[in-house]
Structure formats: structure tokens, C-alpha cells
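Hi everyone, thanks for making room for me today. Have a look at the chain on the screen, and I'll walk you through it piece by piece.

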Amino acid sequence: MKYSFKKLPHSEIELEVELSSQEFNDYIHKATFELGKDLEIKGFRKGSAPKEIIEKEIGLEKILFKASDSAIKESYKTIVGESKIEPISQPEVEIKKIAPGNPFLFKIKVYVLPEVKLPDYRKIASKIKKRKILVEEKEIENTLKWLQKSRAKFIAKNKPAQKGDFVEIEYTLSLAPGEIGIGVNSHQEKKKDAFILGEGHFLAGFEKELIGMKVGEEKRGISLEIPKTHFMKNLAGRKIIVDVKMNSVQDIELPEINDAFAKNLGNFEDLNALKKSIKEGIILEKEEAESQRIRGEILEKITKETECEIPQVLIEKERERMMEELKKNVEENLKISFNDYLKQ
């Protein structure tokens, strides 16, 4: 067997393969008797008829088809093993010449794993400098306030909710009439949340609707417009309707931040010792974040400078996967067919 490679665009290769007349005749011989093993011909035991009679009974076309199929499969397997190529698609075969007593010629086109040319990562890494780690007093104070809130006492109150109260709510979201989106429909399950009113925990414009609500009170049909920059991409830039019920309103009693507060948090001699520990913790977090930033920047630059031709077959497979995922999301979340979704 002789074969040669030809590189094509988009990580596709073309193999040109030639089997000698003797090699292909072996496949023809084998195919003939495999096809004739179950033949029942008068004057011969089952499967024992001579080659010439089997050929006449079955037909040369069928024998050549089976012989070529076996020859292509076995040759392709041998070539892949010898050349160490890594196919990522089904081979596309074109027979160029096929006839008894002649060499068998065929071509195979197949997509393979692309060659990846990486840049010098050491050179890239050497150009990225580590930033100086600084901790501001404000960061320490914010952490202290967070610790203070985590140790707060909550006292139920029988008054309308006001800014600074701790509230517990349950709510449902639905898209406003005319809005189309994935992930939200008009029959959402009730969700629960709890937060300090007025700190901007919830959607913009929603918290002011809660001010003045009493325990057990409900509000329906609150209309909100979600910012285009909102992290929930399925809602960003859309109008929604919110129904809400106030489950609980509580006063927050915060402990005083002093030496006693520090001692209650752990093995701290006084407030200064707690602040020192907080600062050390912030430094560790920032150092880890800086390491992650440097790694990310190095990888981003390596990616930009890496040379790799993406095979078209992988692009097509990814496109198909994304389309199937979209269809599934539409049917599961919007409860409509994909054709109806396209019409809307």
C-alpha cells in the first residue's frame, strides 16, 4: 500500500491511497468467498462452489463493492495508526479507480485535530508585573460593619416597614405583556428573600414599593424595568411584573464595636487585635486575587498569540449544539414550540 498526505484549509487533510493489483485481488478473493458462503448451487455443497461460479451467481459489481469497502476500512485504520493523525470527523471517500487485475486507487478527506503553535509563555509572563497590595482603613471598617451585622439581634415589630428594617418577603416574577424571554413565564413558583430594606439588595425601584407595607400585606402588579446591564441576562432590558407579600418586619439591634465585641468574636485581646487580623485576611485575599489576575492575563495573551486553525466540523457541531440548547430552553421555559417562538 502506498499513500500520501495533502493538507487542506481548516485542518482537513486528503489521503491519496493506492493498493497494488495483487493487494486488491486478495480483497476481491476474500469478498467473493464471504458472499458465496451461504450460496446453495446445484452440484456443490453449500459455500463450496468455485470462484468463477460464485462471481457469475452474485455479480462482479457486488463483489467489488464489498472488496473495496473492506480495503478502504482496513487501509484507513492502518494509515491512522502509522501516521498518528487524530481524526475528528467521519472520513469522506472517493474511489478513483477500481477494476480486477488493476491497482485500486481512492482518496479520503477527513478533519483532524489542528496543529497548535504556542507562543513563548515565559516571555509573556515576564512582561506582566505584580501590583502592590494595599489595604485602606475603609475596607477594615466595612468588614467590621459586616461582622457587626452578622451579630445583630432581630426584634419583630408590628409597624409598617421602613428603611433600615430587616424584612422577609415572598414574591413571583413574570414578564410584562408583549415581552419575550427565556427563563421567565407567567406561572413562576413563589420565591423568598430577606434583606435590610433600603440597601439596594433587590431590583432598582422595587424596595421603595415595600416601604410602608405591613406584615401579611400583599402588593400585586408592580411594574419594573430591568437595566440592560443586569446580571440576569434573561431579564436584562425587559419589563417585568412583580407580586409580593410582606412576611416579616424586624428592628435590627446592632452591638457596639469595641474591645468586648472583639473578644466575643474569638481569641482577640482587644479591638486593635481584631483590626490587625482583618487586615491580614484582606491582604491574603488580595494576594490570591492578584495571582488569579496575573494568571488570567497570561492566559489571555497566550490565547491571542496562539496560532490554531479551527476545523469547520467543530464549528458546525458547536452551532448545532447551541441551536438544540436554544430549542430546549424555549420549549421547557416558555412552554411553546420553537416555530411559535420564531413567529413571535
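Let me start with a small puzzle: does S75 count as buried or exposed? Keep in mind that this is a predicted model, so everything I say is about the prediction. The cut-off for buried is under 20% relative accessible area. S75 has 3% relative accessibility, so S75 counts as buried. You'll find S75 in helix α3, which covers residues 60–83. And what is S75 in contact with, leaving aside neighbours within four places in sequence? The answer is M1, L19 and F106.

Two of those names take us to a sheet, so let's go there. Strand β2 covers residues 12–19 and strand β4 covers residues 104–111. These two strands run antiparallel, and 8 bridges join them. One pair you can look for is L15, whose bridge partner in β4 is I108.

On to β3, which is joined to β4 by 5 bridges, again antiparallel. Here E92 has K109 as its bridge partner in β4. β3 and β4 make a hairpin with 6 residues between the strands, and in that hairpin G101 takes a positive phi near 80°.

Now put the strands together. What is their order in the sheet? It goes β1-β2-β4-β3, an open sheet of 4 strands with antiparallel pairing. β1 (2–8) and β3 (92–97) each have a single partner strand, so they stand at the edges and one side of each is left without a neighbour in the sheet. On average, neighbouring strands of this sheet are turned by 20° against each other, if you ignore direction. As a general reminder, strands of a sheet pair through backbone hydrogen bonds, either parallel or antiparallel.

Okay, helices. Look at α8, residues 271–305. This helix has 35 residues, and from its first C-alpha to its last it reaches 51 Å, close to the 51 Å you'd expect at 1.5 Å a residue. At its N-terminal end, D270 acts as a cap: a side-chain oxygen of D270 lies 3.2 Å from the backbone nitrogen of N272. Several residues of α8 are buried, among them L274, I278, I282, I294, I298 and I302. Try counting along those numbers yourselves. An α-helix has 3.6 residues a turn, so residues three or four places apart point the same way. The buried residues of α8 pack against α4 (121–126), α5 (137–150) and α7 (259–265).

Next up is α9, residues 312–334. How far apart are its end C-alpha atoms? They are 32 Å apart, which agrees with the 33 Å that 23 residues should span at 1.5 Å a residue. V313, V330 and L334 are buried in α9. What covers the buried residues of α9 includes our old friend β4, along with α10 (338–343). Right after α9 comes K335, with a positive phi near 60°.

Finally, let's zoom out. The chain's secondary structure comes to 10 helices and 9 strands. A compact globule of 344 residues would have a radius of gyration near 20 Å, but this chain has 37 Å. Its C-alpha atoms fill a box of roughly 105 × 55 × 35 Å along the principal axes. Of the 344 residues, 30% count as buried, and S75, from our puzzle, counts as buried too.

That's me done, thanks for listening!

Technical notes
Residues are numbered from 1 along each chain as its sequence is written. This is a predicted model: local features need pLDDT of at least 70, side-chain atom pairs count only at pLDDT 80 or more; totals for chains, interfaces and linings use all residues. Side-chain values use heavy atoms; hydrogens and water are left out. Two strands pair if DSSP finds at least two bridges between them. Axes are lines fitted to C-alpha atoms, for helices over the stretch in contact, and angles run from 0 to 180 degrees between N-to-C directions. The expected span of a helix is 1.5 Å times one less than its number of residues. Buried means under 20% relative accessible area, exposed over 50%, partly exposed in between (1.4 Å probe, protein chains only). Contact means heavy atoms within 4.5 Å. A polar contact is a pair of N or O atoms within 3.5 Å; within protein, one must be able to donate a hydrogen and the other to accept it, and residues adjacent in sequence count only if both atoms are side-chain atoms. The radius of gyration is taken over C-alpha atoms; the globule rule is 2.2 Å times the number of residues to the power 0.38.
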